[in-house]
Amino acid sequence: MWTDAKKGEGNEVSLPAEFSQPDELTWQQKTVYVEGVAVSDGIRDIELAFEFSIGGKTFEDRIKVTVFDVDLLVNNTAGESDDYVAKEKTAEIRETPMQTPAGPNDNHIPMKVHLEGPSGFSCGVSLWDTGSGEVSIKKTDGTDYPGGGETVAAGTDLEVHLFGTKASSDLDDVMIEASTDLTGCAVVEQEDLTVIWIESYNMIF
Ligand SMILES: [Ca+2]
Ligand SMILES: [Ca+2]
């Protein structure tokens, strides 16, 4: 638990924590930030309890939370050494593919969206990319990955395809990011990769 959204030295709260000074805990509001450390064995298996004592009376509130984890496996591996995708060929550049595999479905790689969590847990996962290079994220049937996300169940993998659409200017300058419908706009996972492209006019020997 942290007292700042950006965790750092001096703002960690060790539990159980006690706040006794008025400037540490105002009646109106005290915001703390909870970080998941280990994935839950069961849904809502972690209980946070809060007690407030004043004038000889004690008030209490409790909430239950679940810790889960989203992993993005570019090229279906956790390793970084294969995190490359070639930029799509356009019809003007290569109308007739010379290589196999090539054609309308070439120049893409698979990516697994893996959800780790307790049995029976699922959530909607949204994906997007940032950076200089660009990819388009599609489902395996060739349609765009929906902006509203796809539901993923704990212990399963959702496979998507990454198409390189704009070449990288630096290594690993494309970042795929994920959020879930349970955690708001927080980015729950990031994975970087590179879109490679060789222009024919650079191939002079
Ligand atoms: Ca990989
Ligand atoms: Ca990577």
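**Entry 1: β5 and β9**

I began with the pairing of β5 and strand β9 (residues 157-166) in this predicted model, and I found them joined in the antiparallel sense over 7 bridges. To fix the register for myself I looked up one pair, and Ile109 stands opposite Leu162 in β9.

**Entry 2: β5 and β3**

I then turned to strand β3 (residues 69-74), which runs antiparallel to strand β5 (residues 108-116) and is joined to β5 by 6 bridges. Which residue of β5 is the bridge partner of Asp71? I noted that the partner is His114, and that Leu73 has Lys112 as its bridge partner in β5.

**Entry 3: the sheet that holds them**

Stepping back, I placed these strands in an open sheet of 4 strands with the order β3-β5-β9-β7, and the pairing in this sheet is antiparallel. I asked myself why one side of β3 and of β7 (134-139) is left without a neighbour in the sheet. Both strands stand at the edges and have a single partner strand each, so one side of each stays without a neighbour there. The twist in this sheet averages 30 degrees from one strand to the next.

**Entry 4: the five-stranded sheet**

I looked up another open sheet, in which 5 strands follow the order β4-β11-β10-β6-β8 and the pairing is mixed. Its edge strands are β4 (84-86) and β8 (150-153), and each of them pairs on one side only. Here I recorded a twist that averages 40 degrees from one strand to the next. Within this sheet I followed strand β6 (residues 122-131), which pairs with β8 in the antiparallel sense over 4 bridges. For a landmark I wrote down that Gly124 stands opposite Thr151 in β8.

**Entry 5: Glu60**

Next I chose a single residue, Glu60, which lies in strand β2 (residues 57-65). Is Glu60 buried or exposed? I count Glu60 as exposed, because 9 C-beta neighbours lie inside 10 Å, and a residue with 12 or fewer is placed in that class. Leaving aside neighbours within four places in sequence, I found Glu60 in contact with Ala49, Phe50 and Glu51. For Ala49 I also took the backbone distance: the C-alpha atoms of Glu60 and Ala49 are separated by 7.3 Å, although the two residues are 11 apart along the chain.

**Entry 6: the chain as a whole**

I counted the elements and found 0 helices and 11 strands in the chain, so that, by the rule that strands are DSSP runs numbered from the N terminus, the pattern read along the sequence is β-β-β-β-β-β-β-β-β-β-β. Of the 205 residues in the chain, 19% are buried. Among contacts with a separation of 6 or more, 68% come from residues 24 or more positions apart.

**Entry 7: how far I trust the prediction**

Finally I checked confidence, and the chain has a mean pLDDT of 87, with 83% of its residues reaching 70 or more. Confidence is lowest in strand β1 (residues 46-54), at a mean of 90, and highest in strand β10 (residues 174-180), at 98. I keep one caution in the margin: where pLDDT is low, the predicted coordinates should not be read in detail.

Notes:
Residues numbered from 1 in each chain as written. Chains lettered and ligands numbered in written order. Predicted model: local features only at pLDDT ≥ 70, side-chain atom pairs only at ≥ 80, totals over all residues. Pairing = 2+ DSSP bridges. Helix = DSSP H or I, 4+ residues; strand = E, 2+ residues; numbered from the N terminus. Axes fitted to C-alpha atoms, helices over the stretch in contact; angles between N-to-C directions. pLDDT = per-residue confidence, 0-100. Buried ≥ 20, exposed ≤ 12 C-beta atoms within 10 Å, placed from the backbone. Contact = placed C-beta atoms within 7 Å.
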